[in-house]
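Good morning, colleagues. I should like to take a few minutes to present one protein model, beginning with its overall layout and then turning to two residues.

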Amino acid sequence: MSDVFSVIAIALFFLCWLLIIKKFVLSRCTTIQTVKAKIVDKYKPEMVSKYPGIFKQERYIVVFETKDKKLSFTVSDFSYGNYKVGEKGTLKYKGSKLISFK
């Protein structure tokens, strides 16, 4: 019985690493995309930590809506304040990295 759990655990471990590698490769190999977009949401997700105060890292997310899909990007706390919900412009991004929005 424990052998089955070991095999499942190892399979999940390798699957996670495969997904991480895939995301890394796709973000490096994709071309820069330029699309018309509108900011539809921005938020700071709640970070639940087992050890409050230790390794506290806030994330800032901005969600864009394009003609075809919604895209969300993690941005710095400085630029987060500059994005306004409802604002329209030209979005440049590469993979999962936001390059610019004007």
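**Overall layout and two residues**

Of the 102 residues in this protein, 21% count as buried. Please bear in mind throughout that the model is predicted. The accessible surface amounts to about 8,400 Å², and carbon and sulfur atoms account for 62% of that area.

As to secondary structure, the protein has two helices and five strands. Along the sequence, these elements follow the pattern α-β-β-β-α-β-β. If we consider contacts between residues at least 6 apart in sequence, 50% of them join residues at least 24 apart.

Let me turn to the first helix. Helix H1 spans residues 2–29, and Phe24 lies within it. Is Phe24 buried or exposed? Its relative accessible area is 48%, and because the buried class ends under 20% and the exposed class begins over 50%, Phe24 is classed as partly exposed. Phe24 also belongs to a nonpolar surface patch of about 830 Å², which it forms together with Ile10, Phe13, Phe14, Trp17, Ile20, Ile21 and Val25.

My second residue is Val75, which is located in strand E3, residues 70–75. Val75 has a relative accessibility of 10% and therefore counts as buried, the cut-off being under 20%. Which residues does Val75 touch, leaving aside those up to four places away in sequence? They are Tyr60, Val62, Tyr80, Tyr83 and Leu98. For one of these, Val62, we also have a backbone distance: its C-alpha atom is separated from that of Val75 by 7.1 Å, with the two residues 13 apart along the chain.

Note on methods. Residues numbered from 1 in each chain as written. Predicted model: local features only at pLDDT ≥ 70, side-chain atom pairs only at ≥ 80, totals over all residues. Heavy atoms only, no water. Patch = residues over 30% accessible without salt bridge, like charges linked within 9 Å, V, L, I, M, F, W, Y side chains within 5 Å. Areas by Shrake-Rupley, 256 points an atom, 1.4 Å probe, with all protein chains shown as cover. Salt bridge = Lys/Arg side-chain N within 4 Å of Asp/Glu carboxyl O. Helix = DSSP H or I, 4+ residues; strand = E, 2+ residues; numbered from the N terminus. Buried < 20%, exposed > 50% of the residue type's maximum accessible area, 1.4 Å probe, protein only. Contact = heavy atoms within 4.5 Å.
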